[in-house]
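User: Please take a close look at one strand of this structure and describe what lies around it. I am new to the subject, so explain each term when you first use it.

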Amino acid sequence: MIEAHVVNTHNKHLYAHAFEKFRRHRHDCCTLANRPAAGDDGLDCDPFDTPQAIYLLGMLEDRVVTSARLVPTSVANPVSEEFRDMCGNLDLPRRPDWAVWTRTDVLPEYRDAGAAGIPGQMFCAVMEYCLDEGISHTGGVLQQFVLKRWLDLGWKVIPAGIPRVLSGDWCLVAYVEVGEKALRTGRARAAVNRPLIVRKGAQHPFINPFLSSPTLAATS
């Protein structure tokens, strides 16, 4: 079972090697899928890699096998800047307790088709982190297979609009409600029997009610 390490701008130095592996894997995934992957050095980076971003690195021993990134909706994020037209059924979230969830990839050899696999564990880790931090909803642009996994975990999904084709895949903007019941149900269906979140080094709270900067300066 994975451990999901919380990486932020203050403790990133503790995960220098693992974080580079994460960014290189992301770059390779984007290249294979014909999606944009900034960085001539082979490392994934986009305008939303800001100091407000939180990363979860799903690790088996010292190997990063899956990942996630969370960005507050109160700052510039992929939905607000690139996909707001896909939110016809829901006002564009601009709240510090709503998080945009991106960058969830799994190494090919761990892409188990069932709920009780690495993807299900990573989803439960995201839910656990969100619950710990007081986040009420998380989501963003997702492919249909991710929506199915959310539903398989028993989560309440809130579609923000109608699907459309992005890079050859049907995608939609949707969010899930965060709560004790969602975590409990998700853990049961993903066969997760313990907390997955690991925190090392300096931490900072995800929610900052005074944060509303539209800055898009990327950090590597």
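Analyst: **Strand β4 and its surroundings**

From β4, the side chains of W98, V100 and T102 point one way while A99 and W101 point the other way, and all of them are buried. Buried means under 20% relative accessible area, exposed means over 50%, and partly exposed lies in between, with a 1.4 Å probe and protein chains only. β4 is thus a mostly covered strand, with five of its five residues buried. Strands here are DSSP runs of E with at least two residues, helices are runs of H or I with at least four, and both are numbered from the N terminus.

This is a predicted model, in which local features need pLDDT of at least 70, side-chain atom pairs count only at pLDDT 80 or more, and totals for chains, interfaces and linings use all residues. Residues are numbered from 1 along each chain as its sequence is written, and side-chain values use heavy atoms, leaving out hydrogens and water.

Next, the partners of the strand. Two strands pair if DSSP finds at least two bridges between them. β3 and β4 are joined by four bridges in the antiparallel sense, with L70 opposite W101 of β4. β4 also pairs with β5 (residues 137–143), where three bridges link the two strands in parallel. There, V100 has G139 of β5 as its bridge partner, and A99 stands opposite T138. β5 is mostly covered too, with five of its seven residues buried. β5 in turn pairs with β8 in the antiparallel sense, over seven bridges. G139, already met as the partner of V100, has Y175 as its bridge partner in β8.

β4 also contributes to a core. A nonpolar core is a set of buried Ala, Val, Leu, Ile, Met, Phe, Trp, Tyr and Cys residues joined through side-chain atoms within 4.5 Å. The largest one has 39 residues, and Y129, W150 and W155 have the most contacts inside it. Among the elements that each supply at least two residues of this core are β3 (63–72), β4 (98–102), β8 (169–177) and α3. The largest share, nine residues, comes from α3. In soluble globular proteins, nonpolar side chains tend to be buried together.

Helix α3 spans residues 118–133. Its 16 residues reach 23 Å from first C-alpha to last, close to the 22 Å expected at 1.5 Å a residue; the expected span is 1.5 Å times one less than the number of residues. Of the 16 residues of α3, 14 are buried, so the helix is largely enclosed by the rest of the structure. Contact means heavy atoms within 4.5 Å. Leaving aside neighbours within four places in sequence, Y129 is in contact with residues including V6, L56, L70 and F206. L70 is also the residue opposite W101. Just after α3, G134 takes a positive phi of about 80°.

Finally, confidence. pLDDT is the predictor's confidence in each residue, from 0 to 100. The chain averages 87, and 84% of the residues score at least 70. Over residues 213–220, however, the pLDDT is below 50, although this stretch has 23 contacts in the model beyond near neighbours in sequence. Where pLDDT is low, the predicted coordinates should not be read in detail.
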